[in-house]
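Subject: Structure handover

Hi,

Here is the structure I promised to pass on. Please open it and keep it beside this email as you read. My notes follow below.

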Amino acid sequence: MYIFSKGTVYSKGGGNMKMNCRSPHILLIDDDEKLCALMQDYLAPQDMEVSIALRGADGLRMAREEPCDLILLDLMLPDMNGLEILRELRRTSTVPIIILSAQDSEADRVAGLEMGSDDYISKPFSPRELLARLRAVLRRISQTEQGEQAPSSSAGHLALCGLEVDLDSMEASLDGRLIPLTSYEFRILAEMMKRPGHVFTREYLMDCVAERDMGAFDRSIDMHISSIRRKLGDSPRFPRYLKTIRGTGYILLKKESRREED
């Protein structure tokens with residue numbers, strides 16, 4: 001196993017794993033040149049193409065100009081705060097973003113998730129763990145594109161009282177207005193749209209969306225739900241769409257239920 005930390009790599013044995021798919025393009029935005037080179041060398045044999053931006057402004061420009069499948073984003077950059085980059089990207093893009101940061105407080109993780117990141121990995125980290133999380137996100141995207149997760153509906157389209165989800169384009173809209181959801185948020189909403197009125201446990205949503213052990217991120221589903229609510233203009237106290245079932249999970253309210261809540 002390897003452990004990556006700021007400018008250092010410690011080798012403890014291990015081997016390579018390979019993905020049997022097209023080479024995904026990963027954009028790594030981090031100012032640590034040695035760490036970037038080490039990560040690029042590690043991910044290349046895993047059939048992953050890695051582009052590197054050492055400054056935030058360059059990373060933001062590359063993300064906008066060069067199509068990529070996933071972004072790895074450091075928070076502590078010399079010219080921009082990583083959360084500022086995240087905020088800018090989320091205004092127009094749903095590309096998956098994983099934060100890499102030495103800032104490991106709960107407040108930092110919650111802020112990153114609420115602002116639209118799909119995951120948060122603390123430095124130093126194991127590249128095997130990073131690879132597993134990368135693959136989980138890329139696998140979800142691939143499955144959605146291939147229609148493996150599409151419900152039995154026409155053209156993979158779901159609609160409920162002004163709320164619409166298109167599984168082919170991975171876009172959601174409310175009353176005709178596009179909702180800028182992250183890939184995690186889209187998957188959560190799409191899953192709940194398939195069965196409105198059904199109570200989804202946190203464990204089920206985490207297993208369905210994250211495809212990894214919950215561990216220290218067992219509250220990330222709550223953060224994603226909170227973000228979806230905010231983007232829908234919903235209220236946890238007087239819900240029109242997403243209602244919390246205390247001690248259990250969440251439910252997407254049916255039309256009749258929302259009318260009763262009004």
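Start with the contacts. Take those in the protein between residues at least 6 apart in sequence: 62% of them join residues at least 24 apart. Keep in mind that this is a predicted model. The protein has 262 residues, and buried ones make up 50% of them. It holds nine helices and 14 strands.

Now one sheet. It is open and has three strands, in the order β12-β14-β13, with antiparallel pairing. The edges are β12 (199-201) and β13 (242-245). Each has a single partner strand, so one side of each is left without a neighbour in the sheet. On average, neighbouring strands of this sheet are turned by 30 degrees against each other, direction ignored.

Next, the pairings. Strand β14 covers residues 249-252, and three antiparallel bridges link β14 with β12. Look for Val199: its bridge partner in β14 is Ile251.

Two helices pack on this sheet. Helix α6 (residues 183-194) touches β12, β13 and β14. The direction of α6 makes about 60 degrees with that of β14. Helix α8 (residues 220-232) touches β13 and β14. The direction of α8 makes about 150 degrees with that of β13.

Back to the strands for a moment. β13 and β14 also pair in the antiparallel sense, over four bridges. Here Thr244 has Tyr250 in β14 as its bridge partner. These two strands form a hairpin with three residues between them. Which residue in this hairpin takes a positive phi? Gly247 does, with a value near 80 degrees.

Last, a helix pair. Helix α4 (residues 106-114) packs with α8 at an angle of about 40 degrees, and their axes are 9 Å apart. That angle makes α4 oblique to α8. The crossing of α4 and α8 is right-handed.

Which residues meet there? From α4 come Val110, Leu113 and Glu114. They meet Ser220, Met223, His224, Ser226, Ser227 and Arg230 in α8. The residues of this contact divide into three nonpolar, four polar and two charged.

A good route through the model is to find β14 between β12 and β13. Then step to α8, which packs on the sheet. From α8, go on to α4.

Best wishes

How values were computed: Residues are numbered from 1 along each chain as its sequence is written. This is a predicted model: local features need pLDDT of at least 70, side-chain atom pairs count only at pLDDT 80 or more; totals for chains, interfaces and linings use all residues. Side-chain values use heavy atoms; hydrogens and water are left out. Two strands pair if DSSP finds at least two bridges between them. Axes are lines fitted to C-alpha atoms, for helices over the stretch in contact, and angles run from 0 to 180 degrees between N-to-C directions. Contact means heavy atoms within 4.5 Å. Angles under 35 degrees count as roughly parallel, over 145 as roughly antiparallel, 65 to 115 as roughly perpendicular and the rest as oblique. A crossing is left-handed if the near helix is turned anticlockwise from the far one by less than a right angle, and right-handed if clockwise. Ala, Val, Leu, Ile, Met, Phe, Trp, Tyr, Cys and Pro count as nonpolar, Asp, Glu, Lys and Arg as charged, and the others, Gly among them, as polar. Buried means under 20% relative accessible area, exposed over 50%, partly exposed in between (1.4 Å probe, protein chains only).
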